[in-house]
Every structure is written in C-alpha cells, then in structure tokens.
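Hi,

Here's the structure I promised to pass on. Could you load it and follow along with my notes underneath?

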Amino acid sequence: MILIFTVDFPIKGDSLYGKYVNTNYQNTICCVEAPHEPDTLILFNDGKFESKFYGKGWFEIYNGISPRIQLHYTSFGKAALFNTYFSNKFFEKTKIILNADMNHTYTKID
C-alpha cells in the first residue's frame, strides 16, 4: 500500500499541459538554471512553453516509469537545455522538480 502513494506514475494525455507555478524558490540559490523568483511555466499542447525565467521554447516529454521533461530555450543567445523530472503521486498535484532536496518545484495549478 505504501508503494502506491510514493511512486511516480506516467502522466496521461492532457493532464500534462497547463500552468505550473514556482514554489519554494526563496531557499538558498543552489543552481543557476532554476528560477529563484516568482515564475509561471505554461506548457502548451503543441510542445511549446513559456515562462518569465526561461522565455519561450519547446519541450520534450519522456513518459515512462520516471516521467522526464526537457526544456529547450535560448540563454545569452545560445541554445540551452534544462533536463528534469515530474513528480506525479496519488493525492498530490503534478510537479516538475527543480531541486528535490529543497522541495523546489513547479507545481501544476490548472
């Protein structure tokens, strides 16, 4: 029973797309590729995204036992990539993990 509540499940269809808000960003800055300010990440169903921090770009999803996401964007005029994973547990909102140790995430709001 404990396993059911602690395992991440593949994300189904349209439940992946929508708005995610940056949470717990006020912790000590640990990585420069994650926003440490209020931010909203919007994943569109055409494979594009936008946020104040990353700007506009496109994303790839690897949906399996451990669902992953890659954000492709431009940083300082060069192509950049942010590779991370989803947390999709029962009775929790879907999250994109920025730093698991500090519970720094983008949490889905719609």
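Tyr-54 is buried, at a relative accessible area of 3% (buried is under 20%, exposed over 50%, partly exposed in between, with a 1.4 Å probe and protein chains only). Tyr-54 makes an edge-to-face aromatic pair with Phe-53, 4.8 Å centre to centre and 90 degrees between the planes. Pairing here means Phe, Tyr or Trp rings (the six-membered one for Trp) with centres within 6.5 Å; planes under 30 degrees apart are stacked, over 60 edge-to-face, and the rest tilted. Phe-53 itself is partly exposed, with a relative accessible area of 30%.

Before you go further: this is a predicted model, so local features need pLDDT of at least 70 and side-chain atom pairs pLDDT 80 or more, while totals for chains, interfaces and linings use all residues. Numbering runs from 1 along each chain as its sequence is written, and side-chain values use heavy atoms, leaving out hydrogens and water.

Back to the rings. There are five aromatic pairs in the structure. In one of them, Phe-49 and Tyr-54 sit with ring centres 6.5 Å apart and planes at 85 degrees, so that pair is edge-to-face. Ring pairs tie Phe-49, Phe-53, Tyr-54, Tyr-73 and Phe-82 into a cluster.

Phe-49 counts as buried, at 1% relative accessibility. The side chains of β3 alternate: Phe-49 and Ser-51 are buried and point to one face, whereas Lys-48 and Glu-50 point to the other and are not buried. (Strands are DSSP E runs of at least two residues, helices H or I runs of at least four, numbered from the N terminus.)

β3 runs antiparallel to β2, with two bridges joining them, and Phe-49 is the bridge partner of Leu-43. On the other side of the pairing list, four bridges join β3 to β4 (residues 55-62), also antiparallel; strands pair when DSSP finds at least two bridges. Three residues separate β3 and β4 in their hairpin.

The largest nonpolar core has 18 residues, and Phe-49, Tyr-54 and Leu-41 are among those with the most contacts inside it. Such a core is a set of buried Ala, Val, Leu, Ile, Met, Phe, Trp, Tyr and Cys residues joined through side-chain atoms within 4.5 Å.

On confidence: pLDDT (the predictor's confidence in each residue, 0 to 100) averages 85 over the chain, and 87% of residues score at least 70. Among the elements, β3 has the highest mean, 98, and helix α1 (residues 2-6) the lowest, 47. Where pLDDT is low, the predicted coordinates should not be read in detail.

Cheers
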